Amino acid sequence: MTVASPAMGTRLPWSGLLALTTAAFTAVLTELLPAGLLPRMAPALGVSEARVGFLVTGYAVASFLAAIPVTAALRGLPRRPVLVGTLLGFACANAVVALSSSYALTFGARLLAGVMGGTMWAMLAGYAARMAPVERRGRAIAVVLAGITLALSLGVPAGTALAGALGWRTAFGTLAGLAVLLVGWVRWRVPEFPGELPGARVPLRGVVLLPGIPAVLSVTLFLLLGHQAMYTYVAPFAAHAGYGRTDVVLLVFGVATVVGIWVTGVLVDRWARPALLGALALFVAVMCVLALYGDSPAVLLGAVAVWGAAFGGAPTLIQTALVNASGPEHADVATSLQTTVYNAGIAGGSFTGGVALSGWGAGALPWTALPLVAGALAVVVLGGRYAFPVMPADIGRRVNSPRA
């Protein structure tokens with residue numbers, strides 16, 4: 001077996017990166033598809049729609065709990081077999097869901113899928129970084145993470161439509177087949193990279209304390225807390241603005257995120273810090289506008305478009321900063337930490353927004369999100385040395401330095 005050397009040449013390895021994009025697409029679609037199929041799955045499994053909703057919750061909890069320990073346990077193994085193993089795990093889990101009439105068995109399969117998801121998300125950004133030349137690392141990560149947006153904007157609606165036409169079991173069976181086909185693509189076009197040698201492994205605590213890592217994780221937490229506090233309750237806020245078409249609001253947000261990801265892919269390798277500062281500043285401005293003028297439907301839709309564009313690019317920018325701070329050799333462990341923080345931010349933001357909505361009404365949601373997103377912006381402003389370097393050249397020095 002030939003082991004690829006990282007980042008050979010100056011061109012992006014598009015076929016391999018698109019395989020990883022498809023892996024991200026498969027993971028997100030596997031996680032979220034039951035949410036659109038509640039009325040169809042509930043009678044077949046003999047449970048309420050609320051309990052079918054727990055299939056999404058179980059996946060998320062398993063992903064949250066598995067990301068760090070599973071990644072730490074597997075960090076010494078060659079990377080491609082681990083990736084292939086997670087895809088086969090997705091295939092098995094989705095096949096069981098497609099065939100099962102038992103809620104308990106289906107729930108168990110969803111837990112397995114969640115473990116696979118936590119393991120995969122810890123790998124993808126680091127894999128993309130090792131496949132690309134350093135000057136195109138950010139764009140490679142952007143290409144892979146575009147799978148998330150494609151799953152949200154196209155995959156979930158398409159999967160729901162397929163389930164409506166041919167049945168929900170067909171939708172999950174198709175997902176299982178996609179994962180199997182993807183195994184072949186990965187083995188064909190994604191290069192092999194070795195795992196970490198025992199003597200070279202930095203302990204988990206050591207990765208956490210690498211210069212820049214705490215700052216990047218803090219930005220991740222603050223951003224997700226603020227975003228979820230608002231996004232989770234966008235329906236009641238739209239009603240507060242006198243606009244009842246939540247589907248249109250979400251469509252505007254989704255289309256804008258695609259624009260944000262495209263712009264980020266252009267900017268990330270040369271102007272990552274200004275791009276992230278700009279995205280977070282726009283996010284802060286949107287929360288101010290919604291807080292002061294959000295009772296107008298026109299203002300609501302315009303602000304949501306800017307919000308979607310700003311948020312769409314932020315995960316790629318933050319993920320690139322994390323890989324640059326940790327170095328590609330420690331990226332899997334660092335990303336597993338970020339996966340856990342990301343899910344904690346989602347849960348904490350949803351809870352915080354719910355408390356604000358219950359206590360002060362929908363008009364309080366932007367005021368609740370505002371200080372959290374401003375906190376993320378402040379960390380980036382202050383993190384100009386290691387986490388979010390002022391000049392791209394600092395990244396190369398940082399990654400190659402002994403401290404990294």
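Which residues in helix 6 meet which residues in helix 7? Keep that in mind as you open this predicted model.

**Stop 1: helix 6 and helix 7**

Select residues 137-166 for helix 6 and residues 168-189 for helix 7. Now show the side chains where the two touch. From helix 6 come Gly159, Leu162, Ala163 and Leu166; they meet Trp168, Thr170, Ala171 and Thr174 of helix 7. Sort this contact by class and you get five nonpolar residues, three polar ones and no charged ones.

Next, look at the geometry. Two packed helices are described by the angle between their axes and by the distance between those axes. Here the angle is about 130 degrees, and the axes are 6 Å apart. Helix 6 and helix 7 are therefore oblique to each other. Their crossing is right-handed.

**Stop 2: helix 6 and helix 11**

Keep helix 6 selected. Add helix 11, residues 246-293. The axes of helix 6 and helix 11 come within 7 Å and cross at roughly 165 degrees. That makes helix 6 roughly antiparallel to helix 11, since angles over 145 degrees count as such. This crossing, too, is right-handed.

Pick out the helix 6 side of the contact: Arg137, Gly138, Arg139, Ala142, Ala146 and Thr149. Facing them in helix 11 are Thr257, Val258, Ile261, Gly265, Val266, Val268 and Asp269. The contact of helix 6 with helix 11 holds six nonpolar, four polar and three charged residues.

**Stop 3: helix 2 and helix 7**

Go back to helix 7 and add helix 2, residues 38-45. Their axes come within 9 Å and cross at roughly 100 degrees. Helix 2 and helix 7 are therefore roughly perpendicular to each other. Select Arg40, Met41 and Ala44 in helix 2, then Trp168, Arg169 and Phe172 in helix 7; these make the contact. Four of the contact residues are nonpolar, none is polar and two are charged. Trp168 also appeared at the first stop, where it is part of the contact with helix 6.

**Stop 4: the largest cavity**

How many cavities of 30 Å³ or more does the structure hold? There are two. The largest has a volume of about 90 Å³.

Select its lining: Arg75, Arg79, Met123, Gly126, Tyr127, Arg130, Pro194, Gly195, Glu196, Pro328, Glu329 and Asp332. Which helix gives the most to this lining? Helix 5, residues 103-131, does, with four residues. Finally, colour the lining by class: four residues are nonpolar, two are polar and six are charged.

Definitions and conventions: Residues numbered from 1 in each chain as written. Predicted model: local features only at pLDDT ≥ 70, side-chain atom pairs only at ≥ 80, totals over all residues. Heavy atoms only, no water. Axes fitted to C-alpha atoms, helices over the stretch in contact; angles between N-to-C directions. Helix = DSSP H or I, 4+ residues; strand = E, 2+ residues; numbered from the N terminus. Parallel < 35°, antiparallel > 145°, perpendicular 65-115°, else oblique. Left-handed = near helix turned anticlockwise from the far one by under 90°. Contact = heavy atoms within 4.5 Å. Nonpolar A, V, L, I, M, F, W, Y, C, P; charged D, E, K, R; others polar. 1 Å grid on protein atoms, 1.4 Å probe; cavity = no way out; pocket = protein on both sides within 12 Å on 5 of 7 lines; lining within 4 Å. Points joined across faces, edges and corners; volume = space filled by probe spheres on them.
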